[in-house]
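Q: Could you take me on a close look at a single part of this structure? I am new to this, so please explain the terms as you go.

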Amino acid sequence: MSARGRRPDALDGAVGRGDTALKALDWTGTALRLLDQTRLPHESVWITCQRAEDVAQAIEQMRVRGAPAIAIAAAYGVVLAAQEAAEADAAGFQAQVMAAIRRLSATRPTAVNLFQAMQRMQAVLEQAGSLPPADIAARLAVEADAMAAEDIAVNRRIGDLGASLFPRPARVLTHCNTGSLATVAYGTALGVIRSLHRDGKLVHVWVDETRPFLQGARLTAYELLADGIPFTLITDNMAAHFMRQGQVDAVVVGADRIAANGDTANKIGTYGLAVLCRHHGIPFYVAAPSTTFDLTIPSGDHIPIEERSEHEVTHVLGHPLAPSGVRAAHPAFDVTPADLITAIITEEGVVERPDDRRVAAVLRSNESATEGGDRG
């Protein structure tokens, strides 16, 4: 993995004009370039991943983060593994690519989008059978490209559906980063905010700084500033104050995994916001693609919560905050019970007052529509 100097972070590509010029992933055909999100907002440094292991390390180190972006980056990591193994015999090729899939799957435990992306890549590998390795690598690249294109379309649909839930201009609070930097483009919760802004229904955005990794202060503020969307940055512990002052009309957040009953894992601090919303009578929305649902688990009690280094709590951007030797806890995510969620906004529809039945109904209705279209 190498850092290839600095270049403007506004790039042409999958992101069209009029939505956002920001882009965090760039597939060249033989390498995956990533905008290093640990260096933002003050430096725009692109790193070049030429091996699957480079991508795995970039995910672990949060140089690329956000559930959808992680999934797409890992998919291209599998393509790199296939290209690396192109000269191997059939058995060796299969073994090397499967090893890369297992390695990439193990990078982050909470976001389910990663595992679903790896399952799709493994299916392509298995279906390719005895094709020459170079042909299989090409098929894997086509699949990764398809996932990236799907992500953009899905995010736009989520944004528009989410904006339709707001009958009048609103002041919205959001947590962590769920925009172009966390996806391929447009974003999930930030996609809803972008659509509200486009439709003239956004008064203001309150941005939680999102301790300890400061995704709100560093990344969401960066994106909103670039788009010219009005916002104010607040520390996480100010949210209750502004809710009590009547200055927050809704909270919109993303998700890393949603259980079959609607329990939602998202960045640490999300659960507290949901509790505050219930107390103040404020709608609490989750915006996420349908790939974020994990219907194999009945509730949020089964979602693994990633424990990251305590160093990320005791230090900020490499600078110590606490006395040397202090121990800290760092669960990177928490689980918000479904009964605190007003609605989950997906590209397949809106799950209002989510529970097992309503989640299944929305996801199943889309499957039925697709099957009906295929038959026609």
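A: Let's start with Asn155: leaving aside its neighbours within four places in sequence, Asn155 is in contact (heavy atoms within 4.5 Å) with Thr183, Ala185, Tyr186, Gly187 and Thr188. A word on the background: residues are numbered from 1 along each chain as its sequence is written, and side-chain values use heavy atoms, with hydrogens and water left out. This is a predicted model, where local features need pLDDT of at least 70 and side-chain atom pairs count only at pLDDT 80 or more, while totals for chains, interfaces and linings use all residues.

Now back to our residue. Asn155 sits in helix H5, residues 133-164; helices here are DSSP runs (H or I, at least four residues), numbered from the N terminus. Asn155 is buried, its relative accessible area being 0%; buried means under 20%, exposed over 50% and partly exposed in between, using a 1.4 Å probe and protein chains only.

One of the contacts deserves a closer look: a polar atom of the Asn155 side chain lies 2.9 Å from the backbone oxygen of Ala185.

Elsewhere, there is a nonpolar core of 54 residues, the largest one. Such a core is a set of buried Ala, Val, Leu, Ile, Met, Phe, Trp, Tyr and Cys residues joined through side-chain atoms within 4.5 Å. Leu32, Met118, Met121 and Leu140 touch the most other members. Helix H2 (residues 67-84) gives the most to this core, with twelve residues. Met121, leaving aside neighbours within four places in sequence, is in contact with residues including Ala75, Val78, Leu140 and Met147.

Key. Helices (H or I, at least four residues) and strands (E, at least two) are DSSP runs, numbered from the N terminus. A polar contact is a pair of N or O atoms within 3.5 Å; within protein, one must be able to donate a hydrogen and the other to accept it, and residues adjacent in sequence count only if both atoms are side-chain atoms.
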